Every structure is written in structure tokens, then in C-alpha cells.
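This note concerns the empty space in the model, both enclosed and open. The points below may be read alongside the coordinates.

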Amino acid sequence: MSVELVEVVRSGFRECVHRGSVVLLGPDGDVLDQLGEVHTPIYPRSTNKPMQAVALLRAGFEPADEAELAIATASHQGEPRHVEQVRRILDRYGLAEGQLLCPADLPGEPLARAAALTGKRGPRPVYMNCSGKHAAMLAACVVNDWPTEDYLDAAHPLQRVVADTLIELAGEPESELGIDGCGAPIVPVSLVNLARAFARLVTSAPGTPERRVADTVRAQPYLVSGTDAGDLALLSAVDGLLGKSGADGVYAGALPDGTAFALKVDDGADRARLPLVATILLRLGVPDSETLAELASQPVLGGGARVGTIRSVPGLFPLG
């Protein structure tokens, strides 16, 4: 059963509460803390992307540089730098935007979105937040001479490599696949095994696909997220943190020593994620800082002024 994780306090009144589940692991993989249900598989959504990127490297996708690997791991905002990297991958492998099978979308970042609308460009697959992953999937198909027109089919050889890699990294028994928002198959994973997969990425030997992905995400937080994105704020605030958000209230992360965590907010509310992750990081011994303190207490506004806070439920974890 899930527990109360985050509360919204307005003018001293507890207005809302977000329930969910959290697991914290030590460097040895043992559970330090768990709240709620952490052993039942969930859909990690885009939190699976670092592991999917490992699979694409194993399948033969070879990024020209760190920026291309970052965009292959990204939930980007469709800003010009993001779109540029997606198109670089497509161009290098002789592919066209029309071969992307992710849905057409508008950029997520407000200024990029406005520019697309005022330029009368409208929704395009390349703007969609998963387009980097899809471009890298197509590139892996080209390398292996696999069909590109059905690369999202769960029976496609590429998707079998992706599923097998995720199952291996997480140590999760194989179960029935779902379909993610971008149309790609999604592997269900429990929170405890999702955290273990992230720990495996950061503790793998330098130069391995696992470590390449971990190092790239940590070095390129803007490319894997975007302006004002929560992932950018968290990765910039904590040196060495590997972290990735997923739709509908999922987040997983790991510190360089293999300490790791994963969470799921039941109602999928994005606003619960930042204060909860900041609290978890403090519980795991990350030094307190002004930035973490700000992330741990997000503002509630009234008439444009701060009148309250979004914060983890007091006493959720014994800090220290």
C-alpha cells in the first residue's frame, strides 16, 4: 500500500497530499528504506531511457560524440539544440524525419513552442521529447540491416535487444510489455530493481556502454532535459548524480558509489517529484545546499506571491 509522500500547504492549511512509494538502496544493493509497494512492477516510462540507450550502444549505434548519446537518452524540450542533435543522427545514418514513428508534437519549452507556432511549422516528430531515442533506434536498425518501417514492433529484433538489456540490468523477471507514450514497447520494472539498474550504470567499468550512458547523462543535463526542466535542476545541483524522470510520477537515481533510489507518485503529479527527490538525496547523505533546500520546498503561489510550499511530508525519512 502506498503512503503519503508529499504535501501541499497553502496559507498554513494542508490543501493536498500526494501518495506513492519509494525505495532507497545502499552501495551494496541492500534496502536502506522503503515506503509503500516497491516490489510490484510499474511502467518506468522515460526513466527506462538510460537502460534503453545502453541497449542501443550494444546493438551498434555509435554516436559521433557525447551530444548525440545525450539526445538518445533524453526527454528533451524540443529546443533548437535538441532538434539539431536529433537531425545530426538522422543525417549521419541516411535517415529522414518521416521515418521517426514517435508522434508529431510541439516543443515543450514555451519559447521554442511559440517559435514553432509563429513560424507556422506545427507539430513534428522531431520536436517530440522521445525523438532522440527514436533516431538512435533507427540508426541501430541501419547498422544491423534490420527493417526500419516497423522498428517499434515488440517482436522486432531491435526491441528484443532493448527488452533483454533492461531485464538483465534490472534483474527483473520478464513480463508482458506495455506501450509507452511515444509508441515504443515498455518493460515493467519494480522500484527496487529500477534503483538497482541505475546503480549498475554508475558502478560499471569506464568505457562500457553502461558507464558511457551514466557519464553522458551527468555531463549533459541540458541535452537530456531542457530549460527549466526538473532533471536539469537536479543533475546540476548534485555532483555525480545520475537521475532520470519518467512520465506519471516516476524518478530513479544513483550516486557514484552505487547508492540508489526510485520512486513512483501514485497520481502522477510532476509537482511532487522535485521536493521528494531533494529529501531523498539529503537522506542519502548528499550535503545540504541552498539549491537542494530550494528544490525541497517548492513555492505555492497566491496572486503571484509565495503563500505556501510543496514539500515532503515532515518526518518522511530520518535525515542524517
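1. A cavity is here a set of grid points where a 1.4 Å probe fits but cannot get out, whereas a pocket is an open set. The volume quoted for either is the space filled by probe spheres set on the points. The model under review is predicted.

2. With that definition, the search of the whole structure returns 1 cavity of 30 Å³ or more. The volume of the largest cavity is about 30 Å³.

3. The lining of this largest cavity consists of Gln159, Val162, Ala163, Leu177, Pro185, Ile186 and Val187. Helix H6 (157–170) and strand E5 (185–186) each contribute at least two residues to it. The greatest share comes from H6, with 3 residues.

4. What is the chemical class of the residues around the largest cavity? Its lining comprises 6 nonpolar residues and 1 polar residue, with no charged residues.

5. Turning to open space, the largest pocket encloses about 740 Å³. Its lining is made up of 35 residues, and those nearest the centre of the pocket are Ser75, Gln77, Ser245, Asp270 and Arg273.

6. Three elements each provide at least two residues of the lining of the largest pocket: helix H9 (230–237), strand E6 (242–246) and helix H10 (273–283).

7. By class, the lining of the largest pocket holds 14 nonpolar, 12 polar and 9 charged residues. Charged residues are thus present in the pocket lining, while the lining of the largest cavity has none.

Key: Residues numbered from 1 in each chain as written. Predicted model: local features only at pLDDT ≥ 70, side-chain atom pairs only at ≥ 80, totals over all residues. Heavy atoms only, no water. 1 Å grid on protein atoms, 1.4 Å probe; cavity = no way out; pocket = protein on both sides within 12 Å on 5 of 7 lines; lining within 4 Å. Helix = DSSP H or I, 4+ residues; strand = E, 2+ residues; numbered from the N terminus. Nonpolar A, V, L, I, M, F, W, Y, C, P; charged D, E, K, R; others polar.
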